[in-house]
Amino acid sequence: MQQPQWDPQEYARSGAFVPELGLPVVDLLAPVPGERILDLGCGNGTLSAEIVRLGATVVGVDASPEMVAAAVAAGLQAEVVDGARLPFREEFDAVFSNAALHWMTDPDAVIAGVARALKPGGRFVAEMGGHGNVASIGVALTAAFARRGIDVAPMRPWYFPAPDVYAERLVAAGFAVDSIQLIPRPTPLSGSFEAWLDTFARSYFAGLDPATSAAITADVVDLVRPWLCDERGRWTADYVRLRFAAHLA
Ligand code: BEZ
């Protein structure tokens, strides 16, 4: 299930860390002035703008009309496109993606579209949630819904692969993998944990009445508090990144 709707203003508040922590992926991309680069899952375009600043031409795509509108308002070239149905053919020197591929739950369709979009020898450089990402939050969501007789396994909106599994998918689509690794990255939250749930786990709560939604949220917070909130009330989410660089072989 996809996230039903993004709120760019809420994202700017509780998700600002996402592009900030994505700068090492731009370093790995190492864009060269004049290159044409596709930013897959560009969000509000913060990292697209950074790549433009380095001299490349960037086309951003995102499934969220609200996020694309925010990127266009920031002066970027961006379009609403489903990542599993990329329409481009041999147009780009590189495809870049930060914190977006885990929302695309048909990875082979995404990778095939990336391969089609690249010129021969083109690069695919990305970071996404990897195996074990936000595990404690996922378990707490599962438990809080299970208490009410709801199995959330079919509602899981995220794909967090292990490196060898994702590398196999890349190779099967014609890529050579230059590097791929899991990077544990405990991530301090700038806002409340409830705000994180509302921004990143919204699809779990879609269709619930407000009282049930509030009760489940309270249960999730109680379950994760001992693990993710320290004695001084600071919340840290158990993020694990999968970072890779590949090129068309
Ligand atoms: C992530 O960026 O790792 C992430 C996104 C949504 C939910 C959980 C984690």
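These legends walk through several close-ups of one predicted protein model. Residues carry numbers counted from 1 along each chain as its sequence is written, and side-chain values use heavy atoms, with hydrogens and water left out. Because the model is predicted, local features need pLDDT of at least 70 and side-chain atom pairs count only at pLDDT 80 or more, while totals for chains, interfaces and linings use all residues.

**View 1. The whole protein, with its eleven helices and seven strands.** Helices here are DSSP runs (H or I, at least four residues), strands are runs of E with at least two, and both are numbered from the N terminus. Along the principal axes, the C-alpha atoms fill a box of roughly 50 × 40 × 35 Å. The radius of gyration is 18 Å, which agrees with the value near 18 Å for a compact globule of 249 residues. That radius is taken over C-alpha atoms, and the globule rule is 2.2 Å times the number of residues to the power 0.38. Of the 249 residues, 49% count as buried. Buried means under 20% relative accessible area, exposed means over 50%, and partly exposed is in between (1.4 Å probe, protein chains only).

**View 2. The ligand and the residues around it.** Who's in the shell around the ligand? H102, W103, N133, V134, W158, W196, F200, Y239 and R241 surround it, where being near means having a heavy atom within 4 Å. By class, the shell has six nonpolar, two polar and one charged residues. For these classes, Ala, Val, Leu, Ile, Met, Phe, Trp, Tyr, Cys and Pro count as nonpolar, Asp, Glu, Lys and Arg as charged, and the others, Gly among them, as polar. Now zoom in on the ligand's oxygen atoms. One oxygen atom of the ligand is 2.5 Å from an N or O atom in the side chain of R241, and for N133 the corresponding distance is 2.7 Å. A polar side-chain atom of H102 lies 3.4 Å from an oxygen atom of the ligand. On its own the ligand has 260 Å² of accessible area, and the protein covers 99% of that. These areas come from the Shrake-Rupley method with a 1.4 Å probe; for residues, only the protein chains shown count as cover. Elements giving two or more residues to the shell are α9 (193-200) and β7 (236-248).

**View 3. E127 and its arginine partners, R241 and R243.** E127 sits in strand β5 (residues 118-129). Is E127 buried or exposed? With a relative accessible area of 1%, E127 is buried. Its side chain makes a polar contact with the side chain of R243 at 2.6 Å and another with the side chain of R241 at 3.5 Å. A polar contact is a pair of N or O atoms within 3.5 Å; within protein, one must be able to donate a hydrogen and the other to accept it, and residues adjacent in sequence count only if both atoms are side-chain atoms. You've met R241 already, as one of the residues surrounding the ligand.

**View 4. F145 and its ring neighbours, Y204 and F205.** The structure holds 16 aromatic pairs. F145 and Y204 make a tilted one, 6.2 Å centre to centre with 40 degrees between the planes. Rings of Phe, Tyr and Trp (its six-membered ring) pair if their centres lie within 6.5 Å; planes under 30 degrees apart count as stacked, over 60 as edge-to-face and the rest as tilted. This pair links distant parts of the chain, with F145 in helix α7 (residues 135-146) and Y204 in helix α10 (residues 202-205), 59 residues apart. F145 and F205 are tilted too, because their centres lie 5.7 Å apart and their planes meet at 55 degrees. F145 and F205 are 60 residues apart in the chain. F145 and Y204 are buried, and so is F205. Elsewhere, F17, F193, W196, F200, W235 and Y239 form one aromatic cluster.

**View 5. Two loop residues with a positive phi, E90 and A99.** Neither is a glycine: E90 has a phi of about 45 degrees, and A99 has one of about 55 degrees. E90 is in the loop between β3 (77-80) and β4 (92-98), and it's exposed at 54% relative accessible area. A99 lies in the loop between β4 and α6 (107-117), but A99 is buried at 17%.
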